[in-house]
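Visitor: Could you take me through one part of this structure slowly, strand by strand? I am new to this and would love a close look.

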Amino acid sequence: MIIIMNRDVTEQQIETVLAKIRDHGLDANISRGTERTVIGAIGDERKLAPEMFDSLPGVEYSMHIVKQYKIVSRESHPADTVIDIRGIPLGGKQIQIIAGPCSVETQEQMDASAQFVSEAGCRLMRGGAFKPRTSPYAFQGKGVEGLDMFGRAARKYDLPIVTELMDVRMLDTFLERGVDVIQIGTRNMQNFDLLKEVGKIDTPVILKRGMSATVSEWLMSAEYIAAGGNHNIIFCERGIRTFETAYRNVLDVTAIPVLKRETHLPVIVDPSHAGGKAWMVPALSRAAIAAGADGLLVEMHPKPCEAWCDADQALNPQELKNLMGVLRQIALALGRDL
Ligand code: PEP
Ligand code: MN
């Protein structure tokens, strides 16, 4: 961390800053220029925060010089991490398309979905049993009963299941039910208590980007999970809030190469919640894979117009099949497979 002092700083003010740095077990280095005095804190600067110094007399501003995330950073682990999900690799050469309905509705709907997901060539399945809805009067999900329907349907086709955990009190139930990948949704990206709890287990976690979260905040949220010991983290870009209202969210394609550079962990994209319309999903999916995403999380419903949730953005089974064919060609052009 460096602390830049005001032009008219006094020796006493410099001493106060030095004492604070030393109190935290770090050394200090003073650089006296013609215009400014700059103090550098030497040691583990994660123990320090700009707020500790910015309010002291004589300090103009202070800033960290190393990144606040460590375990998830590529600096700490240069090679790509490949996460094993019941034998299916995510983050390596093979791209994974995780498909399924927005929400679990009925056993018949889940059975048909699992069949179509499998027939399209996808190796993992999604479906929400607990739904974070904007309105408290909207369908909130089938809950534990939904987890059971999902498990029964997916098991028949040997598809690992991906489902959202909203409440830390449901974690044991998720584990007992054999949830293969826990999804932390957009609205919970900074629910730090939830992040800490999923950090204590080793089930893979898909961490969706908060609606208005910066890449750095997102990486810090992943660090919360990693700091607890769970390094099986998958980032999922799902569109961010901007001034644009012509589509549900803006897919931040730029975040894909930026994250791939910053972290060794896999990065996937949810084109469904980004666009919000089924017709946009193929184009956004192509862009995501071309930009280096390791996979997609796509909504597909056996009968989209009958879906209880997010009907507008669900692909039908044939559209999913067609999309898989196109994405396979893009993957091959990039030296990957699908
Ligand atoms: C979902 O994937 O079902 C979902 C609710 O997505 P998000 O958290 O990205 O809104
Ligand atoms: Mn949805």
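Guide: Start with strand β10 (residues 181-184) and strand β11, which pair in the parallel sense over three bridges. Bear in mind as we go that this is a predicted model. To find one of the contacts between these strands, look for Ile182: its bridge partner in β11 is Val205. Now follow the chain from β10 to β11: it passes through helix α6 (residues 192-199), and this β-α-β crossover is right-handed.

Let's stay on β11, which spans residues 205-208. Its side chains take two directions: Val205 and Leu207 point one way, while Ile206 and Lys208 point the other way. All of these residues are buried, Lys208 included.

On we go to the next pairing. Strand β12 (residues 233-237) runs parallel to β11, and four bridges join them. Val205 turns up again here, with Ile233 as its bridge partner in β12. Between β11 and β12 the chain crosses through helix α7 (residues 215-227), and this β-α-β crossover is right-handed too.

Before you leave, have a look at the metal site. The manganese ion (ligand 2) is coordinated by Cys102 through SG, His273 through NE2, Glu299 through OE and Asp310 through OD, at 2.0 to 2.4 Å. Two of these donors link distant parts of the chain: His273 sits in helix α9 (residues 271-275) and Glu299 in strand β14 (residues 295-299), 26 residues apart. Both His273 and Glu299 are buried. Written along the chain, the spacing of the donors is C-x170-H-x25-E-x10-D.

How values were computed: Residues numbered from 1 in each chain as written. Chains lettered and ligands numbered in written order. Predicted model: local features only at pLDDT ≥ 70, side-chain atom pairs only at ≥ 80, totals over all residues. Heavy atoms only, no water. Donors = N, O, S within 2.8 Å, 3.2 Å for Na, K, Ca; no water. Buried < 20%, exposed > 50% of the residue type's maximum accessible area, 1.4 Å probe, protein only. Pairing = 2+ DSSP bridges. Right-handed = clockwise from strand over helix to strand, strands pointing away.
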